[in-house]
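Subject: Structure for you to look over

Dear colleague,

I am handing over the structure below, and after it you will find my notes on what came out of going through it. Please read them with the coordinates open beside you.

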Amino acid sequence: MTMAVLFGWILSRSKFWRDHTNLRIITISTAARKHEAERMISQLLEYCRIEARVLVLLLENEELPDRLTPEELNRAFLLDVSQERRCAIFNHLIIKHSYRAGIVFFPIADPPKDPKHARGYINTLNILSKGVTTPTILVRGCADVITSDI
């Protein structure tokens, strides 16, 4: 996530982007973990001296394409959900919350080391990016969504 935040910050240093955009960090959480998520992002921003707005999307308040069980909601970043379902949910949230964004930086998992799993990896990236009209850069890592509003 740190690299995606830094990419957004570097882009925001351009005079045009600084004059016409706001850096916005979006992450997902549950109501029970909201303060923990806000604290984690705020500490990272403070450490890196980055000014940004933080938006924590509460999964239980979002209209998701797939209903999640309480057990699935309980694990941070939906790690108990299959990769395909997780990417479909993230895709839905990116489309819903980035319609005014100039660009989206989204952290992704590293590609598989075994070439036999490459097709599945590409499939999950296709699910993640399907229908996203905002320019998007996929950054190796795992976790949050970053956008710059126009």
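The expected span of a helix is taken as 1.5 Å times one less than its number of residues, and helix H5 (83-97) is a convenient place to apply that rule. The 15 residues of H5 should therefore span 21 Å, and the C-alpha atoms at its two ends are indeed 21 Å apart, in agreement with the expectation. Please bear in mind throughout that this is a predicted model.

The buried residues of H5 are Arg86, Cys87, Ile89, Phe90, Asn91, Leu93, Ile94 and His97. In the loop between helix H4 (70-74) and H5 lies Leu78, a residue with a positive phi of about 60 degrees although it is not a glycine. Since buried means under 20% relative accessible area, Leu78, at 0% relative accessibility, counts as buried.

Leu78 also appears in the largest nonpolar core, which has 20 residues, and of these Ile28, Leu78, Phe106 and Leu128 touch the most other members. The elements that give two or more residues to this core are strand S1 (22-29), H5, S3 and H6, and H5 gives the most, with five residues. There is, in addition, a second and separate core of seven residues, among them Val5, Leu23, Ile25 and Ile41.

Turning to the strands, S3 (residues 101-108) is mostly covered, in that eight of its eight residues are buried. S3 runs parallel to strand S4 (residues 136-140), and five bridges join the two. Within this pairing, Phe106 stands opposite Leu138 in S4, while the bridge partner of Val104 in S4 is Thr136. From S3 the chain passes through helix H6 (residues 118-129) to reach S4, and this β-α-β crossover is right-handed.

How far apart are the end C-alpha atoms of H6, at its 12 residues? They are 17 Å apart, which agrees with the 16 Å that the 12 residues should span at 1.5 Å a residue. The buried residues in H6 are Tyr121, Thr124, Leu125 and Leu128; seen down the axis of H6, its buried residues fall within an arc of 100 degrees, so they line one face of the helix. What covers these buried residues of H6 includes H5, S3 and S4. After H6 comes Gly131, whose phi is positive, near 80 degrees.

Helix H3 (residues 34-48) can be described in a similar way. At 1.5 Å a residue its 15 residues should span 21 Å, and the C-alpha atoms at its ends are 21 Å apart, which agrees. The buried residues here are Ala37, Ile41, Leu44 and Leu45, and, viewed down the axis of H3, the buried residues fall within an arc of 95 degrees, so they line one face of the helix. On the face of H3 turned away from this buried side are the exposed residues His35, Glu46 and Tyr47. Ser42, which also has its place in H3, counts as partly exposed at 38% relative accessibility. Ser42 and Ile25 are 17 residues apart in sequence, and their C-alpha atoms are 9.9 Å apart in space. Just after H3, Arg49 takes a positive phi of about 55 degrees.

One further residue that I went through in some detail is Phe7, which has its place in helix H1 (residues 2-12). Is Phe7 buried or partly exposed? With a relative accessible area of 33%, Phe7 is partly exposed. Leaving aside residues up to four places away in sequence, Phe7 touches Phe105 and Val139. Phe7 and Leu78, by contrast, are 71 residues apart in sequence and 24 Å apart in space, C-alpha to C-alpha.

With regards

Notes: Residues are numbered from 1 along each chain as its sequence is written. This is a predicted model: local features need pLDDT of at least 70, side-chain atom pairs count only at pLDDT 80 or more; totals for chains, interfaces and linings use all residues. Side-chain values use heavy atoms; hydrogens and water are left out. Buried means under 20% relative accessible area, exposed over 50%, partly exposed in between (1.4 Å probe, protein chains only). Helices (H or I, at least four residues) and strands (E, at least two) are DSSP runs, numbered from the N terminus. Two strands pair if DSSP finds at least two bridges between them. A crossover is right-handed if, with the strands pointing away from the viewer, the path from the first strand over the helix to the second runs clockwise. The arc is that of the directions from the helix axis to the C-beta atoms. Contact means heavy atoms within 4.5 Å. A nonpolar core is a set of buried Ala, Val, Leu, Ile, Met, Phe, Trp, Tyr and Cys residues joined through side-chain atoms within 4.5 Å.
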